[in-house]
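This report describes a protein model together with its bound ligand. Please consult the sequence and coordinates shown here alongside the text.

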Amino acid sequence: MILKISRITLAIVFIKAQQRLLENTHTHRIGRREERKMFAAENGLKGDPRLEAISDAIRVIPHFPKPGIMFQDITPLFLNHKVFKDTVDIFVERYRDMAISVVAGIEARGFMFAPCIALAIGAKFVPLRKRGKLPGKVISEAYELEYGKDCLEMHVGAVQQGEKAVVIDDLVATGGTISAAIKLLECAGAEVVECACVIGVPELIKAENRLNGKALYMLVEPNEVQGYCRS
Ligand SMILES: O=P(O)(O)OC[C@H]1O[C@H](OP(=O)(O)OP(=O)(O)O)[C@H](O)[C@@H]1O
Ligand SMILES: Nc1ncnc2[nH]cnc12
């Protein structure tokens, strides 16, 4: 009888321990997933005045390139040397001590930041271009984005097996473009450590499933047009 009770007690203790382990794993996993989509303000740069200045430098053009799209225009950011430098510096501060040897920039607007970051951290710049632009042998990846379909290409031989890479673009919306970039780099054997964008469109980021858990670092949220109603 005593043996039976202690067996039952042992079984209960075992089941409870298993449950606790499962709960912890679940929380940990969710925690890690949340961590993977990071705005700079929640990740070490809370209250950093550079972020506000960057956000202020982004202008919204409604209905470009299609009706309903609130286009986030980053070109004013480059007209202000300090804001441009601050933007690049934030990425450089984050990636300079991570043994990254590849900074992959996505055409066209990723090209405006990625080469600057590559130079500053001592890495190579790898251009990921739209279909038919690269002259050499390429690998290609088709994808869908917020307002259409496209294809990214990378030169064969641009990265070597085992290199550590970051992917840079101006904006992430659906995550389609960035996920194509990740696939190209991984196909060539690189390890994509993180993807980074200046602007993250929170309600559009389907990046959670599209990026397959890959870390995504974003500086600011998109701006709204004052008094404008999207619908
Ligand atoms: O997260 P997603 O939904 O994939 O959208 C983000 C992509 O869309 C924009 O590029 P676009 O394709 O308009 O090309 P462009 O820079 O050549 O104008 C932007 O610069 C990103 O690359
Ligand atoms: N709303 C947006 N503004 C600028 N670039 C974009 N790429 C995809 N969506 C965009």
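## Helix α5, the ligand site and the cores

Within α5 of this predicted model, the buried residues are Gly-176, Thr-177, Ile-178, Ser-179, Ala-180, Ala-181, Ile-182, Leu-184 and Leu-185. The helix is thus mostly covered, with nine of its 12 residues buried. It comprises residues 176-187 and reaches 16 Å from its first C-alpha to its last, close to the 16 Å expected at 1.5 Å a residue. Just after α5, Gly-189 adopts a positive phi of about 95°.

Ligand 1 has 16 residues around it, of which Tyr-147, Asp-169, Asp-170, Thr-174 and Thr-177 come nearest. Polar contacts made by oxygen atoms of the ligand are listed below.

| Residue | Protein atom | Distance to an oxygen atom of ligand 1 |
|---|---|---|
| Thr-174 | side-chain N or O | 2.5 Å |
| Gly-175 | polar backbone atom | 2.9 Å |
| Gly-176 | backbone N or O | 3.4 Å |

Taken alone, ligand 1 exposes 510 Å², and the protein buries 86% of that area.

The largest nonpolar core contains 32 residues; Ile-54, Val-103, Val-198, Tyr-217 and Leu-219 touch the most other members. Two or more residues each come from α2 (49-56), α3 (81-95), α4 (114-121), β8 (164-172), β9 (191-200) and β10 (216-220). The most is given by α3, with six residues. A second, separate core of 26 residues includes Val-126, Leu-128, Ala-190 and Val-192.

Leaving aside residues up to four places away in sequence, the contacts of Tyr-217 include Met-38, Ile-90, Phe-91, Arg-94, Glu-194 and Cys-195.

Note on methods
Residues are numbered from 1 along each chain as its sequence is written. Chains are lettered from A and ligands numbered from 1 in the order in which they are written. This is a predicted model: local features need pLDDT of at least 70, side-chain atom pairs count only at pLDDT 80 or more; totals for chains, interfaces and linings use all residues. Side-chain values use heavy atoms; hydrogens and water are left out. A nonpolar core is a set of buried Ala, Val, Leu, Ile, Met, Phe, Trp, Tyr and Cys residues joined through side-chain atoms within 4.5 Å. Buried means under 20% relative accessible area, exposed over 50%, partly exposed in between (1.4 Å probe, protein chains only). Helices (H or I, at least four residues) and strands (E, at least two) are DSSP runs, numbered from the N terminus. Contact means heavy atoms within 4.5 Å. The expected span of a helix is 1.5 Å times one less than its number of residues. A residue is near a molecule or strand if one of its heavy atoms lies within 4 Å of it. A polar contact is a pair of N or O atoms within 3.5 Å; within protein, one must be able to donate a hydrogen and the other to accept it, and residues adjacent in sequence count only if both atoms are side-chain atoms. Accessible areas come from the Shrake-Rupley method with a 1.4 Å probe; for residues, only the protein chains shown count as cover.
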